[in-house]
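User: I'm new to reading protein models. Can you take me through this one and show how the labels are earned?

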Amino acid sequence: MKLEQIKRRNLDNIAKYRKQLYEKPKLRDLFIEVTLKCNAYCEHCGSSCGNDVPDDGMSTDDIKHILDDVASNFKPQDILLNITGGEPLLRSDLFELMAYAVGLGFSWGITTNGILINDRIINLIKETKMASISISLDGLKETHETFRKVPHSFDKIINNIKKLQKIKTIKVVQVTTVANKKNLHELPAMYELMKDLKIDAWRIVNVDSIGRAKDNCDILLDSNDYQYLFDFIEKSRLEKIIKIEYGCAHYLGISLEKELRDTYFMCTTGLSVASLLYNGDIYVCPNVERRPELIQGNIKQDLFSKVWYTKFKEFRNEKRTSCDMCLKCNAWHYCLGDSFHTWNFETNSPNFCIKKIIKEEKDE
């Protein structure tokens, strides 16, 4: 069987699985945005986090009540709690909450900038059996510190990565890099750094025009940048020295899907993914544009479990992201309008389309 036929068959299997989720959604990933406060001020931040954001979020009891509800109405062992922010480590009761969650049978992971990790945090990570951690590294020293507006942070992050790798309870220590105009040329040097660190996984994603990046258009990639990025990841993966892949954010076309990632694209927001925003709003993927009409409820008035089973209807429609351009495309069956977090609600069209980025993409 030809390689392209194998890829197409795999994509067809993904499409079938996705169709099953539309008919019977199954919660797998629950994101909990524990704060919007952050000690960095990143140029690309999708949530526009920082020190000047509201702090009227969920209380300790609010989150414990949610965990009780989810544990009672789902199988905790089938759900990964993804703790996000802002910077989650700024929340003083974080490890109290995670100890409570682990006691209910959940596993958990965290996305962090890695700056606040110290020996006390390391011990709390061990005690609460953290399963995975993703640390952001957006370039070499000068580029990273400029991009995230935190001087003298790079070396601290590297040392913290080394400490985390020694914790036996953590199954995956992942580095996430947001590829943008300012760091694209540093990816080869970063690859050498990742190899020296013997990192478990290096996840590279493109910067998207969401959140603060909308006001920093100079960091967005053009078609030539994307081609360079895809070529770099493909060549690096062939070495099979460390696990490296393009993030899950976008459909890349049959020719690139397997070359750049281990799993094929599938946007499952509202199908197997949900989130609790910092203020208690029940939402889908926290990267999706915060629009009032997409909020499904709030945990201060609604039970999450009831909302999951009775709402999210607009996300469980196979044509939830569709337009004339998409419906006429022969990749629609695989792409379904690409990711919901880059859907343009004003024009009812995708902001990201692989066929617009790579003109020669014709193998759908």
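Analyst: Sure! Keep in mind that this is a predicted model. Let's start with Pro 188, which touches Tyr 228 and Phe 232, leaving aside residues up to four places away in sequence.

User: What makes those count as touching Pro 188?

Analyst: Contact means heavy atoms within 4.5 Å, and Tyr 228 and Phe 232 are the residues that Pro 188 touches. Pro 188 itself sits in helix H7, residues 187-197.

User: Why is Pro 188 called partly exposed?

Analyst: Its relative accessible area is 33%. Buried means under 20% and exposed means over 50%, so Pro 188 lands in between and is partly exposed.

User: And Thr 321, why is that one called buried?

Analyst: Thr 321 has a relative accessible area of 1%. The cut-off for buried is under 20%, so the label fits. You'll find Thr 321 in the loop between helix H10 (304-310) and helix H11 (324-327). Among the residues it touches are Trp 332, Phe 340 and Trp 343.

User: How do you know that the side chain of Thr 321 makes a polar contact with Leu 336?

Analyst: The side chain of Thr 321 reaches the backbone oxygen of Leu 336 at 2.6 Å. The limit is within 3.5 Å, so the pair qualifies.

User: What makes E7 and E10 edge strands?

Analyst: Picture the open sheet of 10 strands, ordered E7-E6-E5-E4-E3-E2-E1-E8-E9-E10. Strand E7 (243-246) and strand E10 (297-298) each pair on one side only.

User: How do you know that E6 and E7 pair?

Analyst: Pairing takes at least two bridges, and E6 (residues 201-206) and E7 have 4, in the parallel sense, so they pair.

Terms used
Residues numbered from 1 in each chain as written. Predicted model: local features only at pLDDT ≥ 70, side-chain atom pairs only at ≥ 80, totals over all residues. Heavy atoms only, no water. Helix = DSSP H or I, 4+ residues; strand = E, 2+ residues; numbered from the N terminus. Buried < 20%, exposed > 50% of the residue type's maximum accessible area, 1.4 Å probe, protein only. Polar contact = N/O pair within 3.5 Å; in protein donor to acceptor, adjacent residues only side chain to side chain.
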